[in-house]
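Let's take a walk through a protein model together. Keep the sequence and the 3D view side by side as you read.

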Amino acid sequence: MNIDGTTALITGGASGLGAATARRFTEAGAAVVVLDLPSSIEKTEPAPGIVYVGGGAPAVRGVSQGADIAGPPTGLVVDGAPFGLRSG
């Protein structure tokens, strides 16, 4: 599958499998927007080509102040967020 020039939206992409997917997509030429919890994004080392957006809070990483993050329409959506899972 050719994803060069596509924009991908990845939930839960600040760590684990979601982060690995985000890195792989950028290597394949996609622009990537990661949506995750602000606390997860704050622990993430920003990677080139990935914009990190924290849900419900002003956590945005990987974008310069005032940068235009608009790009081509989203062509891929990966739901990697484990909502509803509880431990213990």
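What follows goes from the overall layout to the strands, the helix, the core and a few single residues.

First, some ground rules: this is a predicted model, in which local features need pLDDT of at least 70 and side-chain atom pairs count only at pLDDT 80 or more, while totals for chains, interfaces and linings use all residues. Residues are numbered from 1 along each chain as its sequence is written, and side-chain values use heavy atoms, with hydrogens and water left out.

Start with the big picture. The protein has two helices and five strands. Helices here are DSSP runs of H or I with at least four residues, strands are DSSP runs of E with at least two, and both are numbered from the N terminus. If you trace the chain from the N terminus, the elements come in the order β-α-β-α-β-β-β. Of the 88 residues in the protein, 33% are buried. Buried means under 20% relative accessible area, exposed means over 50%, and partly exposed is in between, all with a 1.4 Å probe and protein chains only. The chain also brings distant parts of itself together: among contacts between residues at least 6 apart in sequence, 43% join residues at least 24 apart. A contact means heavy atoms within 4.5 Å.

Now look at the strands. β1 (7–11) and β2 run parallel and are joined by five bridges. Two strands are said to pair if DSSP finds at least two bridges between them. Thr 7 sits opposite Ala 31 in β2, and Leu 9 has Val 33 in β2 across from it. On its other pairing, β2 (residues 31–36) is joined to β3 by five bridges, again in parallel. Here Val 32 has Ile 50 in β3 as its bridge partner.

How do the side chains along β2 point? They alternate: Val 32, Val 34 and Asp 36 point to one face and are buried, while Ala 31, Val 33 and Leu 35 point to the other and are not buried. This fits a general pattern. In a regular strand the side chains alternate between the two faces of the sheet. The neighbours of β2 are mostly covered: four of the five residues in β1 are buried, and four of the five in β3 (residues 50–54) are buried too.

Next comes the helix α1 (16–27). With 12 residues, α1 reaches 17 Å from its first C-alpha to its last, close to the 16 Å expected at 1.5 Å a residue. That expected span is 1.5 Å times one less than the number of residues. Which residues of α1 are buried? They are Gly 18, Ala 19, Thr 21, Ala 22 and Phe 25. Seen down the helix axis, these buried residues fall within an arc of 160°, so they line one face of α1. The arc is taken from the directions from the axis to the C-beta atoms. On the other side of α1, Gly 16, Leu 17 and Glu 27 are exposed. After α1 comes Gly 29, whose phi is positive, near 100°.

Helix and strands meet in the largest nonpolar core. Such a core is a set of buried Ala, Val, Leu, Ile, Met, Phe, Trp, Tyr and Cys residues joined through side-chain atoms within 4.5 Å. This one has 14 residues, and Ala 22, Phe 25, Val 32, Val 34, Ile 50 and Tyr 52 touch the most other members. β1, α1, β2 and β3 each supply at least two residues of the core. Ala 22 shows the link nicely: leaving out residues up to four places away in sequence, Ala 22 touches Ile 10, Val 32, Val 34 and Ile 50.

Finally, zoom in on a few residues. Thr 11 lies in strand β1 and counts as buried because its relative accessibility is 18%. The side chain of Thr 11 makes a polar contact with the side chain of Asp 79, at 3.0 Å. A polar contact is a pair of N or O atoms within 3.5 Å; within protein, one must be able to donate a hydrogen and the other to accept it, and residues adjacent in sequence count only if both atoms are side-chain atoms. Leu 9, also in β1, is partly exposed at 23% relative accessibility. Leu 9 and Asp 79 are 70 residues apart in sequence, yet their C-alpha atoms are 8.4 Å apart in space.
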